[in-house]
Amino acid sequence: MQDEVRDKSVALTIKVGKTGGRLTAGLLKWAIRKYLAQAQNPKIHHGKQTVKQLVSQGAGVQNIEITDKNIKSFERVARKYGVDFALKKDPAQGKYLVFFKARDADALNAAFAEYAGKSLNRSTQKKPSLIGQLSHFKEIAKNLTRDTAKNREKGGVEL
């Protein structure tokens with residue numbers, strides 16, 4: 001009998017301000033409603049999460065291997081498409097495994113296509129080096145001639 005009572009009991013902790021508070025019937029009703037709402041609707045994680053959280057949501061889980069080191073840009077695109085995913089690094093091969101829900105497969109394919117397009121564009125576009133640009137502008141500055149005629153009204157050198 002004691003075990004049944006212990007299994008059915010619930011401990012509620014209510015924080016009150018510095019002034020202290022009295023446990024009124026309204027306050028107790030509010031605390032119980034809040035507890036029941038939380039128990040009925042467990043928090044569902046979205047976006048990047050751990051593999052354990054992803055598996056606990058009850059949907060089938062699939063995975064894809066990614067070999068790219070720049071995984072942050074993939075995370076940005078996946079968040080844009082609203083994909084729930086988990087990353088796991090395989091240290092032996094240096095690859096990333098991306099776990100995702102089976103129902104998110106189409107959204108993940110679209111996100112992965114956009115990610116691949118961005119990474120290809122980034123690798124094909126070569127920016128000129130900063131040192132090269134600096135030397136180019138130094139040459140231009142050397143070739144500029146200054147007009148050193150004296151401006152008598154202002155007393156300075158006129159350009």
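**Reading a predicted model: a short tour**

Guide: Welcome! Let's start at one residue of this predicted model. Setting aside residues up to four places away in sequence, Asp84 touches His45, His46, Gly47, Gln49, Leu54, Gln57, Phe99, Phe100, Lys101 and Asp104.

Visitor: Where is the place of Asp84 in the chain?

Guide: Asp84 sits in the loop between helix H4 (71–80) and strand S2 (85–90).

Visitor: Does a loop residue need its own check, then? Is Asp84 buried or exposed?

Guide: The general idea is to look at relative accessible area: under 20% means buried. Asp84 has 4% relative accessibility, so this residue counts as buried.

Visitor: And how is Tyr35 classed?

Guide: Between the buried limit of 20% and the exposed limit of 50%, a residue is called partly exposed. Tyr35 has a relative accessible area of 36%, so Tyr35 is partly exposed. You can find Tyr35 in helix H2 (residues 25–40).

Visitor: Which residues form a nonpolar patch on the surface?

Guide: Tyr35 belongs to that patch, along with Leu12, Leu23, Leu28, Ile32 and Leu36. Together they have about 530 Å² of accessible area.

Visitor: Now the whole chain, please. How many helices and strands are there?

Guide: Six helices and three strands. Read from the N terminus, the order is α-α-α-β-α-β-β-α-α.

Visitor: What share of the residues is buried?

Guide: Of the 159 residues, 18% count as buried. The accessible surface of the chain is about 13400 Å², and carbon and sulfur atoms hold 55% of that surface.

Visitor: What about contacts between residues far along the sequence?

Guide: Take the contacts with a separation of 6 or more: 61% of them join residues 24 or more positions apart.

Key
Residues numbered from 1 in each chain as written. Predicted model: local features only at pLDDT ≥ 70, side-chain atom pairs only at ≥ 80, totals over all residues. Heavy atoms only, no water. Patch = residues over 30% accessible without salt bridge, like charges linked within 9 Å, V, L, I, M, F, W, Y side chains within 5 Å. Areas by Shrake-Rupley, 256 points an atom, 1.4 Å probe, with all protein chains shown as cover. Salt bridge = Lys/Arg side-chain N within 4 Å of Asp/Glu carboxyl O. Helix = DSSP H or I, 4+ residues; strand = E, 2+ residues; numbered from the N terminus. Buried < 20%, exposed > 50% of the residue type's maximum accessible area, 1.4 Å probe, protein only. Contact = heavy atoms within 4.5 Å.
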